[in-house]
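Student: I would like a close look at one part of this protein, the nonpolar core. Please go through it slowly and tell me how the rest of the chain relates to it.

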Amino acid sequence: ESIAIDGLSPFGKTQLETKKSFTLLLGGTASEAPTFANVFSWLSNALHFGCPRALDQIEGAEISPKGLKLAVELGQWSRSDRARYELAIDAKGSRQWEALFITPNSGRNNRVNTSPDAIPEAWTQLLGVRENGKIWFRNEAGKKAKALEFGLDESRLALSSLPEDTAAFPVMLAVRQFLLSGVQRSVFDPSLMREPCSPVGANTLSPNGANLARVVADLERQNP
């Protein structure tokens, strides 16, 4: 539903509201639309490979000397709640703060805040980092279920180390899967889009836009 960024040039402190089904970022040269989309690529890489390596791969932007803060709100996970993932790293890629919450669907919170003292009472925290540096995961099976806690190198994200236990961590696993593969990024190649397009083949738009004419023709057939 939204993503908030603080510490990534050239944006400064920015928040983007998104649609539940489809959000399209369009921009010409120097519009920074691709750079904004790279944030999701960076998150996916950080989950796969760790934060320092992901920082080396980010394109078109620089991390502030004070570090980078992100807050991503993801849809409705029930009739009344949504998920919120927060992350803060320093300029070298060490994890300073990481948390995942279930938050009420009523109202908006536009903070890019990583202070545990500022967490609203109505929020339920599922993942966090203790003062001793250990990460912890709330067992979502019930209040009496024991939480999972262990040490983790600060270059790694806690969400990447979550065990594959759908009974204990269904929401957290769904959030991780979305951040890993739920955002599709396309960079159209004008030269390929000008080339003749075969009338047969997949009607799903290719990442480089080469089959755009076929996709448009298929949409026109479906919606005369």
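Tutor: What follows starts with the whole chain, moves to the core, and ends with parts elsewhere in the chain.

The model is predicted. The average pLDDT of the protein chain is 77, and 71% of the residues score at least 70. Strand β2, residues 12-17, has the lowest mean among the elements, at 66, while β8 has the highest, at 92. Where pLDDT is low, the predicted coordinates should not be read in detail.

The chain contains five helices and nine strands. Along the sequence they come in the pattern β-β-α-α-β-β-β-β-β-β-β-α-α-α. Of its 224 residues, 36% count as buried. Among contacts with a separation of 6 or more, 48% are between residues 24 or more positions apart.

Now the core. The largest nonpolar core has 34 residues, and Trp42, Leu159 and Met172 are those with the most contacts inside it. Several elements give two or more residues to this core: the helices α1 (33-49), α2 (51-57) and α3 (170-181), and the strands β4 (68-76), β5 (81-89), β6 (95-104), β7 (124-129) and β8 (135-137). Another core lies apart from it, with five residues, among them Ala88, Ala99, Phe101 and Trp123.

Take Leu159 as an example. Leaving out residues up to four places away in sequence, Leu159 touches Leu47, Tyr85, Glu98, Leu100, Leu127, Met172, Val175, Arg176 and Leu179. Glu98 and Arg176 are included in that list.

Leu43 is another residue to follow. Leu43 is in helix α1. Its relative accessibility is 1%, so Leu43 counts as buried. Not counting neighbours within four places in sequence, Leu43 is in contact with Leu70, Val72, Tyr85, Leu87 and Leu179. Tyr85 and Leu179 are among the contacts of Leu43, and they are also among those of Leu159. In sequence, Leu43 and Leu179 are 136 residues apart, yet their C-alpha atoms are separated by 6.8 Å.

Two alanines can be read in a similar way. Ala71 belongs to strand β4. Ala71 counts as buried because its relative accessibility is 3%. Between the C-alpha atoms of Ala71 and Ala88 the separation is 8.9 Å, with their positions 17 residues apart along the chain. Ala4 has its place in strand β1, residues 2-9. With a relative accessibility of 4%, Ala4 is buried as well. Ala4 and Val72 are 68 residues apart in sequence, and 6.5 Å apart from C-alpha to C-alpha.

For contrast, consider a residue in a loop. Ala145 is in the loop between β8 and β9 (148-150). Its relative accessible area is 28%, so Ala145 is partly exposed. The C-alpha atoms of Ala145 and Ala168 are 8.6 Å apart, and the two residues are 23 residues apart along the chain.

The aromatic rings come next. By the rule used here, there are three aromatic pairs. One aromatic cluster is formed by Phe137, Phe150 and Phe169. A ring also takes part in a contact of another kind: the charged end of Arg53 sits over the ring of Phe49, 4.2 Å from its centre.

Last, the helix α5, which covers residues 212-222. Its buried residues are Arg214, Val215 and Asp218. They cover an arc of only 100° around the axis, which puts them on the same side of α5. An α-helix has 3.6 residues a turn, so residues three or four places apart point the same way.

To return to your request, the part to keep in view is the core of 34 residues. Leu159 is one of the residues with the most contacts inside it, and Leu43 is a buried residue at 1% relative accessibility.

Note on methods. Residues numbered from 1 in each chain as written. Predicted model: local features only at pLDDT ≥ 70, side-chain atom pairs only at ≥ 80, totals over all residues. Heavy atoms only, no water. Buried < 20%, exposed > 50% of the residue type's maximum accessible area, 1.4 Å probe, protein only. Helix = DSSP H or I, 4+ residues; strand = E, 2+ residues; numbered from the N terminus. Arc of directions from axis to C-beta. Phe/Tyr/Trp six-rings, centres within 6.5 Å; stacked < 30°, edge-to-face > 60°. Lys NZ or Arg CZ within 6 Å of the ring centre and 35° of its normal. Core = buried A, V, L, I, M, F, W, Y, C linked by side-chain atoms within 4.5 Å. Contact = heavy atoms within 4.5 Å. pLDDT = per-residue confidence, 0-100.
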